Amino acid sequence: MPRDVRIEEAPKFVGEEVRIKGWLYGKVDKGKLQFLQVRDGTGIIQAVVFQNNVPPEAFEAARQVGQESSLILEGTLKAEPRAPGIPGGYEVEVKDLKVLQFVQDYPITPKEHGIEFLMDHRHLWLRSTRQWAIMRVRATVIKAIRDWLDSHGFLNIDSPILTPAACEGTTTLFATDYFGQPAYLSQSGQLYNEATIMAFGKVYCFGPTFRAEKSRTRRHLMEFWMVEPEMAFADLEDCMRVEEELVTYVVQTVLRERANELKVLERDTSPLEKVEPPFPRISYDEALEILKEAGEPLEWGEDFGAPHETIISLRFEKPVFVHHYPTKAKAFYMEPEPDRPEVCRSVDLLAPEGYGEIIGGGQRISDPNLLEQRIKEHNLPREAYQWYIDLRKFGTVPHSGFGLGVERTVAWICGLQHIRETIPFPRTLGRIYP
Ligand code: NSS
């Protein structure tokens with residue numbers, strides 16, 4: 001009996017009789033020899049169907065079968081250095097073949113398609129090697145994040161998605177109806193994390209977050225995934241140290257475990273190989289100097305736009321921390337620097353090669369009176385924040401945390417132009433299909 005084998009395990013089963021279940025990716029017709037490229041979700045392998053080796057109906061099926069037909073084949077697995085595939089170098093000498101469904105006119109062909117067409121066919125586009133490679137990197141990024149945090153004393157405590165109030169600002173919320181009361185889709189779990197660290201010390205939440213920003217850029221999604229670690233008894237420096245270790249672990253894990261996928265993406269991995277602690281640290285003021293030298297001066301107090309981040313990140317080979325932003329440019333909960341309250345203990349991490357911000361975070365206000373004052377200054381409804389103020393009244397401690405956007409991180413590691421390819425079914429401005 002042949003053994004069911006997944007293509008990614010092919011190297012382990014050379015010389016054995018195998019059965020592979022998958023779909024036709026491509027085909028070369030050489031008369032009595034049909035070369036089928038078969039994918040099964042874990043890779044692509046060449047299946048060689050020779051007329052003299054298979055029953056006549058199996059050979060006829062191989063001749064007729066079209067792109068994305070579903071099929072099951074059996075044969076001998078061989079090492080063949082010239083065979084294309086992922087990983088290349090293996091082929092199946094087919095002894096039998098059964099087609100479950102003959103497909104004709106699969107809409108996505110090897111020719112070039114426009115992006116709108118591909119996005120309309122996202123449900124099918126995910127089958128192509130490039131999208132396949134990106135999703136496999138994404139899965140590894142997510143797993144590496146969890147592995148690192150789980151093994152460094154962080155407890156996974158998830159935060160609610162339906163929330164009564166804003167976290168980052170009210171203009172970017174998706175509102176819904178909660179039995180007659182307004183409710184909003186969460187834009188960050190941070191405020192809840194600040195409650196749970198006082199119960200568990202170090203935590204992280206990891207889930208989907210929602211931003212109703214009307215931004216049509218290469219970096220914005222309406223729905224994206226964010227991991228948010230939060231730590232009690234931690235200051236801005238502690239926060240940066242955790243960020244650089246976590247990001248390094250994620251990048252090195254992808255380099256080690258997803259080399260085939262990065263090859264499919266034609267990613268030059270040399271910049272990624274340089275990612276290791278310590279990352280350079282510059283202040284907001286120093287960043288303004290860089291922008292001035294680059295001929296893109298910015299008024300002190302303004303937050304960076306994507307072009308500014310690109311200029312700064314291109315100056316460094318590794319991800320770069322920009323810390324101590326102007327207090328007025330950041331959220332109400334940022335701890336002001338005691339000797340210079342016009343700047344706060346905030347930090348963004350900008351990815352190299354022009355990618356820009358992948359993490360935002362910093363140290364939170366721990367004094368209840370200062371927090372109340374800030375809530376007032378920002379015109380936020382005090383009642384909604386009563387529980388958040390309570391946290392500063394019952395055993396307050398210095399604490400810090402950050403949020404890393406999964407999709408921006410995947411875009412950088414994969415070397416993609418646009419964030420829309422980093423999530424299976426992207427929600428962008430003007431698109432919620434499929
Ligand atoms: O708005 S952030 O900068 N920060 C927060 O939400 C904090 N409350 C996180 C925290 O300290 N716990 O967003 C953090 C990251 C940001 O650096 C991006 O990588 C990503 O979340 N992000 C996005 N990715 C894709 N699309 C959109 N619209 C988006 N907004 C933020």
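Modeller: Two residues count as being in contact when heavy atoms of theirs lie within 4.5 Å. The model we are looking at is predicted. By that rule, and leaving out residues up to four places away in sequence, E17 touches P2, R3, G75, T76 and K95.

Biologist: Thank you, that helps. Where does E17 lie?

Modeller: E17 belongs to strand β2, which covers residues 17-30.

Biologist: And why is E17 called partly exposed?

Modeller: The relative accessibility of E17 is 33%. Partly exposed is the class between under 20% for buried and over 50% for exposed, so E17 counts as partly exposed.

Biologist: What makes the pairing of the E17 and T76 side chains a polar contact?

Modeller: The distance there is 2.9 Å. The cut-off for a pair of N or O atoms is within 3.5 Å, with one atom able to donate a hydrogen and the other able to accept it, so E17 and T76 qualify as a polar contact. The side chains of E17 and K95 are joined in a polar contact as well, at 3.0 Å.

Biologist: What else does the side chain of T76 join in a polar contact of 3.3 Å?

Modeller: The side chain of K95. T76 itself sits in strand β5, residues 70-79. Leaving out residues up to four places away in sequence, T76 touches G15, E16, E17, E91, V92, E93 and K95.

Biologist: Is T76 buried or exposed, and how do you know?

Modeller: Buried. Its relative accessibility is 11%, and the buried class is under 20%, so T76 falls within that class.

Biologist: Let us step back to the whole chain. How is the protein chain divided?

Modeller: There are two domains: domain 1 spans 3-101 and domain 2 spans 122-422. Their C-alpha centres are 45 Å apart.

Biologist: How do you know that the two domains touch?

Modeller: By the contact rule, 11 residues of domain 1 meet 7 residues of domain 2. Between them the domains bury about 700 Å², with 54% of that area on carbon and sulfur atoms.

Biologist: What makes R136 and E8 a salt bridge?

Modeller: Their side chains meet at 3.1 Å, N to O. The rule asks for a side-chain nitrogen of Lys or Arg within 4 Å of a carboxyl oxygen of Asp or Glu, so the R136 and E8 pair meets it. Between domain 1 and domain 2 the count is 2 salt bridges. By class, the domain 1 side that touches domain 2 has 5 nonpolar, 3 polar and 3 charged residues.

Biologist: Now a helix. Why is α13 described as largely enclosed by the rest of the structure?

Modeller: Helix α13 runs over residues 406-414, and 8 of its 9 residues are buried, so the rest of the structure largely encloses the helix. Among the buried ones are V406, E407, W412 and C414. Just after α13, G415 has a positive phi of about 70 degrees.

Biologist: What covers the buried residues of α5?

Modeller: The cover includes β11, β12, β18, α12 and β19. The buried residues of α5, a helix of residues 190-200, are Q190, L191, N193, E194, T196 and I197. Just after this helix, G201 takes a positive phi of about 85 degrees.

Biologist: What makes a positive phi or a cis peptide bond worth pointing out?

Modeller: Most residues other than glycine have a negative phi, and most peptide bonds are trans. Here, E68 is not a glycine and yet has a positive phi of about 75 degrees. F233, also a residue other than glycine, has a positive phi near 55 degrees.

Biologist: How do E68 and F233 stand on exposure, and how do you know?

Modeller: E68, in the loop between α1 and β5, has a relative accessible area of 5%; buried means under 20%, so E68 is buried. F233, in the loop between β12 and α6, has 66% relative accessibility; exposed means over 50%, so F233 is exposed.

Biologist: And which residues are joined by a cis peptide bond with omega of about -10 degrees?

Modeller: I86 and P87, with P87 in the loop between β5 and β6. The peptide bond from P277 to P278 is cis too, with omega near -5 degrees, and P278 is in the loop between α8 and β13.

Definitions and conventions. Residues are numbered from 1 along each chain as its sequence is written. This is a predicted model: local features need pLDDT of at least 70, side-chain atom pairs count only at pLDDT 80 or more; totals for chains, interfaces and linings use all residues. Side-chain values use heavy atoms; hydrogens and water are left out. Domain bounds come from an automatic or database domain assignment. Buried area is the accessible area (1.4 Å probe) that two parts lose on being put together, summed over both. Ala, Val, Leu, Ile, Met, Phe, Trp, Tyr, Cys and Pro count as nonpolar, Asp, Glu, Lys and Arg as charged, and the others, Gly among them, as polar. Helices (H or I, at least four residues) and strands (E, at least two) are DSSP runs, numbered from the N terminus. Buried means under 20% relative accessible area, exposed over 50%, partly exposed in between (1.4 Å probe, protein chains only).
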